[in-house]
Amino acid sequence: MLDRSVVLLGRRVHGLRRARGHTLVQLAAHAGLSHSFLSQLERGLARPSMVSLERIARALGSSQVELLAGLRDEPAPGATQSSSGSDFFEHADDEFLTLVEGALVVDLGDGVVHELGAGDSLYCVGGTPHRWRSASAAPYRLFLVKENPRRP
């Protein structure tokens, strides 16, 4: 039996890869991984190490946080696909992020795109549909704090 979180991660990687116009071979080359491993990952048949996940995220101009964001929580009801192929996610956790380096585009589902640069911060209340991506092909680093106010 397939692990649900592995299947969801595979779908997420597949969707982001296709949205960015990469083939399996191209993504594998950018990430320094084999295309057969990525194929298995996308089909939910392989579980990546955290190092591999970081390589994949960077090659996609994303982050481990974005790749893992929807694994525990389902997309918001009525979640829509963006032009980047990324779903909006909604969960109970409040999130505070500070961009350490790079540039980030954040969409809180309010019709306004927020562009963050190094040193900028953003607070997102739990239950807010949201998604983010690199503003360019360059990687970014952020510091993210999550808290669920309903947990003791």
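**Helix packing, a salt bridge and a nonpolar surface patch**

In the predicted model, helix α2 passes helix α4 in a right-handed crossing. The contact between these two helices is made by Leu27, His30 and Ala31 on the side of α2 and by Arg55, Ile56 and Ala59 on the side of α4. Helix α2 comprises residues 24-31 and helix α4 residues 50-59, and the two pack at an angle of about 115 degrees, their axes being 8 Å apart. That angle makes α2 roughly perpendicular to α4.

Helix α2 also packs against helix α3, which spans residues 35-42, at an angle of about 110 degrees and with the axes 8 Å apart. The helices α2 and α3 are therefore roughly perpendicular to each other. Their crossing is right-handed, and the contact is made by Leu24, Val25, Leu27 and Ala28 of α2 together with His35, Leu38, Ser39 and Glu42 of α3. Leu27 of α2 thus appears in the contact with α4 and again in the contact with α3.

Within helix α3, two residues can be followed to other parts of the chain. Phe37, which lies in this helix, is in contact with Ala46, Pro48 and Ser52 when its neighbours within four places in sequence are left aside. For one of these partners, Pro48, the C-alpha atom is separated from that of Phe37 by 8.8 Å, the two residues being 11 residues apart along the chain. Glu42, which belongs to the set of α3 residues in contact with α2, forms a salt bridge with Arg17, in which the closest N and O atoms are 2.6 Å apart. This pair links distant parts of the chain, given that Arg17 is placed in helix α1 (residues 4-19) and Glu42 in helix α3, 25 residues apart. The structure as a whole holds five salt bridges.

Turning to the surface, a nonpolar patch of about 550 Å² is made by Phe96, Val100, Tyr123, Val125, Phe143 and Val145. The elements that give two or more residues to this patch are strand β1, covering residues 94-101, and strand β6, covering residues 141-147. Among the residues of the patch, Phe143 has its place in strand β6.

How values were computed
Residues numbered from 1 in each chain as written. Predicted model: local features only at pLDDT ≥ 70, side-chain atom pairs only at ≥ 80, totals over all residues. Heavy atoms only, no water. Patch = residues over 30% accessible without salt bridge, like charges linked within 9 Å, V, L, I, M, F, W, Y side chains within 5 Å. Areas by Shrake-Rupley, 256 points an atom, 1.4 Å probe, with all protein chains shown as cover. Salt bridge = Lys/Arg side-chain N within 4 Å of Asp/Glu carboxyl O. Helix = DSSP H or I, 4+ residues; strand = E, 2+ residues; numbered from the N terminus. Axes fitted to C-alpha atoms, helices over the stretch in contact; angles between N-to-C directions. Parallel < 35°, antiparallel > 145°, perpendicular 65-115°, else oblique. Left-handed = near helix turned anticlockwise from the far one by under 90°. Contact = heavy atoms within 4.5 Å.
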